[in-house]
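Me: I'd like to learn how to read a model like this one, feature by feature. Can we look at it together?

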Amino acid sequence: MDKMIRNAVEGIRTKASELGFLDCGFSKAQFLGEEKERLLNWLENEMNGEMGYMANHLEKRLDPRLLVENAKSVISVLLNYFPSEKQTDPEAPVLSKYAYGTDYHFVMKDKLGELLRYIQTTIASCEGRVFVDSAPVLDRAWAARAGLGWIGKNTNLLSTEHGSFFFIGELIIDLELPSEDKVVRDHCGNCTRCIDACPTQAIVAPYILDARKCISYQTIENHGEIDPSLKDKFENRVFGCDICQDVCPWNLKSEVHHEPAFHPDLQLMKLTKEEWNEMDKPRFNELFRNSAVKRTRFEGLKRNLKFLED
Ligand code: B12
Ligand code: SF4
Ligand code: SF4
C-alpha cells in the first residue's frame, strides 16, 4: 500500500479510537448483491411487520452510491454500550441495556461528525455523510464487509474481541480508501444458545429474525396492540430485549463502556416494580429526557407495562 494512503488509514483509525470507538474499518462503496436476496426474502415473508420504512428506498439501502454522490468508501465504526450499572429491583420490568443513557443517535452522530471533519481537514478535501440508523443503510452488512465482525445466528454483528453490545455507524465518503480484505469468519459454529433462549422463538432459522415475534419490535416499533399470542412470553422485558445477546458466549467478556453519555440516571436503575407501574407522564419525561425510550412514547411504555401485568 502506498505510504500516503497507509498514513491516512492509520490516522483515521487513531482518530476513531480517540473519539471512543471500539473499532473502525473500511469497505468499498458498492452494490450489496448477496444481501439483496436476503433482504427481499425477509420483506416478502413480511418479517418487517409494520416497519414499512424497511421496504422503502430499497435501491438506496442496497447501494450507498445512491445516497452519497460519487461515494467511494464506507467507513464503519462500533460504539460500546455495555453498562456496569444494573437495575436494583429484581422484580422491576427489564429495560434493555442500549437504552440506559442518552439516545445513541445523538452520541454517534457527534462523534462521526468529528471524524468526518478530521478527514476533511487533515487527509483530503472530500464530501461525505454521517449515518446512524438515520437513512436506508444496512449497518451490519457494511460492518461485516469492513472486517469488524460476523453476523451471528441471532442476526447481530459479533466480534471475537468485543462481543455484540455495541452500536454501528458509518461515514459514506467520496474518498477512495483501501477496503479490508479480512472477512471475519463465522464463529457461531454449532452453538444455538440464542435460538434456544429466545422466549418468543423469533429467530425462526439461524440468521433469520421474524421481527413480528421479537420482543424488541413489539415493545418499541409496534404502535398498535401487542400480539396477544405472545402473552406471558416477555420475561418481564418492558423496552427492547437483550436475551439473545446475554446468552451468547462471545459476550462473556464484554468490557464496560467509557462513554459518559451512556451512563444511566441512577434513579432509573433504582426504580422498583411499583414505581414503574405508577409512572406518570411528568416522571416519564424527566427520566427519559434524551433517551431512546422516547421512541415508544409514554403511552407505549404504559401499554408495555400493562402487557406484563395483566
Ligand atoms: C429493523 C431493525 C430492528 C428490527 C428487526 C431486527 C432485524 N434483525 O432485522 C427490531 C425492532 C426487531 C430490532 C431489534 C434490535 N435491534 Co435493531 N435495527 C434495525 C435496523 C433499523 C435495520 C436492520 C435490518 O436491516 N433488518 C433487515 C434484515 C433482513 O436485515 P438483517 O437481519 O441485518 O439481515 C442480514 C443478516 O441477517 C444476513 N443474513 C440473512 N440470512 C443470512 C444467512 C447467512 C448464512 C448469513 C451469514 C447472513 C444472513 O443478511 C441480511 C442482509 O444483510 C438496524 C439499523 C440499520 N439501519 O441497519 C438496527 C440494528 C440492527 N439494531 C440494533 C440493535 C442494538 C437492536 C437490539 C439489540 C435492540 C434491543 N436491545 O432491543 C435488538 C436486537 C434483536 C436482534 N436479535 O436482532 C443494532 C445492532 C448492533 C449489532 N451489534 O449488530 C443496529 C445495527 C442499530 C445500530 N446502528 O447500532 N432492530
Ligand atoms: S431480542 Fe429477545 S425476542 Fe428478539 S430475537 Fe433476541 S431474544 Fe428473541
Ligand atoms: S449465541 Fe451462539 S449461535 Fe447465537 S450468535 Fe452467539 S455464538 Fe452465534
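Me: How many nonpolar, polar and charged residues does the shell around ligand 3 have?

Reply: Keep in mind first that this is a predicted model. Sorting a shell by class is a handy way to start. Around ligand 3 the classes come out as eight nonpolar, three polar and two charged residues. The shell holds 13 residues, and the closest are G152, C188, C191, C194 and C248.

Me: And which residues are around ligand 2?

Reply: You'll find N154, C198, T200, A202, I203, L209, C214, I215, S216, C241, I243 and C244 there. Nine of the shell residues are nonpolar and three are polar, with no charged ones. Helix α7 and helix α8 (243-246) each put at least two residues into this shell.

Me: What about ligand 1, which elements supply its shell?

Reply: At least two residues each come from α2 (33-44), α5 (139-145), β7 (166-173), β9 (208-209) and α7 (215-221). In total 36 residues surround ligand 1, with D139, F167, Y207, S216 and G240 the closest. The class split is 22 nonpolar, seven polar and seven charged.

Me: Y207 caught my eye in the backbone angles. What is its phi?

Reply: Start with the general idea: most residues other than glycine have a negative phi. Y207 is not a glycine, yet its phi is positive, about 75°. Y207 sits in the loop between β8 (203-205) and β9. Y207 counts as partly exposed because 14 other C-beta atoms lie within 10 Å.

Me: N236 has a positive phi too, near 65°. Where does N236 lie, and is it buried or exposed?

Reply: Look in the loop between α7 and β10 (237-239). N236 has 11 other C-beta atoms within 10 Å, so it is exposed; the cut-off for that label is 12 or fewer.

Me: Let's try helix packing. At what angle do the axes of α1 and α4 cross?

Reply: For a helix pair, look at the axes, then the handedness, then the residues in between. Helix α1 (residues 3-18) and helix α4 (residues 104-123) have axes that come within 10 Å and cross at roughly 145°. The crossing is right-handed. On the α1 side the contact uses A8, G11, I12, K15 and A16, and on the α4 side L115, Y118, I119, T122 and I123. By class, that contact has seven nonpolar, two polar and one charged residues.

Me: K15 is part of that contact. What does K15 touch, once residues up to four places away in sequence are not counted?

Reply: K15 touches L115 and Y118. The C-alpha atoms of K15 and I119 are separated by 9.2 Å, although the two residues are 104 residues apart along the chain. K15 has 19 C-beta neighbours inside 10 Å, so it counts as partly exposed.

Me: Now the core. Which residues have the most contacts inside the largest nonpolar core?

Reply: L78 and L79, in a core of 73 residues. Leaving aside neighbours within four places in sequence, L78 is in contact with F21, L22, D23, A143, L148, H162, F166 and I168.

Me: One more, F298. Which helix is it in, and which residues is it in contact with beyond four places in sequence?

Reply: F298 belongs to helix α12 (residues 297-309), and its contacts beyond that window are K281 and F284. F298 counts as partly exposed because it has 17 C-beta neighbours inside 10 Å. From F298 to L43 the C-alpha atoms are 29 Å apart, and the sequence separation is 255 residues.

Conventions: Residues numbered from 1 in each chain as written. Chains lettered and ligands numbered in written order. Predicted model: local features only at pLDDT ≥ 70, side-chain atom pairs only at ≥ 80, totals over all residues. Near = placed C-beta within 6 Å. Nonpolar A, V, L, I, M, F, W, Y, C, P; charged D, E, K, R; others polar. Axes fitted to C-alpha atoms, helices over the stretch in contact; angles between N-to-C directions. Left-handed = near helix turned anticlockwise from the far one by under 90°. Contact = placed C-beta atoms within 7 Å. Core = buried A, V, L, I, M, F, W, Y, C linked by C-beta atoms within 7 Å. Buried ≥ 20, exposed ≤ 12 C-beta atoms within 10 Å, placed from the backbone.
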